[in-house]
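I opened this notebook to keep track of what I looked up, one item at a time. The entries follow the order in which I turned to each topic.

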Amino acid sequence: QVQLVESGGGLVQPGGSLRLSCAASGSIFRFDAMGWYRQAPGKQRELVALITSGRTTYADSIKDRFTISRDNAKNTVDLQMNSLKPEDTAVYYCYHRRYGIESWGQGTRVTVSS
């Protein structure tokens with residue numbers, strides 16, 4: 001069982017930056033998929049960014065603004081978010097998947113507002 005704990009959410013003004021971090025415990029392998037999803041109020045959960053076997057995938061809405069990084073030695077995955085917009089407001093969830101088995105963190109709230 002993989003456990004995921006997020007940190008780094010908060011309130012930020014439009015145009016600002018935040019860095020989210022996720023620490024994973026349990027058996028984590030390099031080929032596991034790890035990344036971030038988000039869920040805005042009244043909307044479905046959506047993919048933000050994912051790293052699988054060294055390959056990264058980004059949602060179109062955040063390309064060139066967000067950067068995902070992973071440290072396999074520390075079992076962490078971070079999300080650097082720049083040029084934040086009000087529409088980035090959501091609860092952000094850390095995600096792990098191996099052989100189709102998914103794990104989720106408890107979520108960290110990001111609010112972008114002036």
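Entry one. I began with aspartate 78, which I found in strand 8, a strand that covers residues 76–81, and I kept in mind that the model is a predicted one. Is aspartate 78 buried or exposed? Its relative accessible area is 14%, and because the cut-off for buried is under 20%, I noted aspartate 78 as buried.

Entry two. I then asked which side chains make a polar contact with the side chain of aspartate 78. One is the side chain of arginine 19, at 3.3 Å, and another is the side chain of serine 21, at 3.2 Å.

Entry three. I listed the contacts of aspartate 78, leaving aside neighbours within four places in sequence, and among them I wrote down Leu20, Cys22, Trp36 and Thr67, together with Ile68 and Ser69. Arg19 and Ser21 appear in that list as well.

Entry four. Since Cys22 had come up as a contact of aspartate 78, I looked up the disulfides and found that the structure holds 1. Cysteine 22 forms it with cysteine 94, and the two sulfur atoms are 2.0 Å apart. Cysteine 22 belongs to strand 3 (residues 18–25) and cysteine 94 to strand 9 (residues 90–98), so the disulfide ties together parts that lie 72 residues apart in sequence.

Entry five. I checked the torsion about the S-S bond of cysteine 22 and cysteine 94, which is about -85 degrees, and therefore recorded the disulfide as left-handed. Last, I noted that cysteine 22 and cysteine 94 are both buried.

Terms used:
Residues numbered from 1 in each chain as written. Predicted model: local features only at pLDDT ≥ 70, side-chain atom pairs only at ≥ 80, totals over all residues. Heavy atoms only, no water. Disulfide = S-S within 2.5 Å. Helix = DSSP H or I, 4+ residues; strand = E, 2+ residues; numbered from the N terminus. Buried < 20%, exposed > 50% of the residue type's maximum accessible area, 1.4 Å probe, protein only. Polar contact = N/O pair within 3.5 Å; in protein donor to acceptor, adjacent residues only side chain to side chain. Contact = heavy atoms within 4.5 Å.
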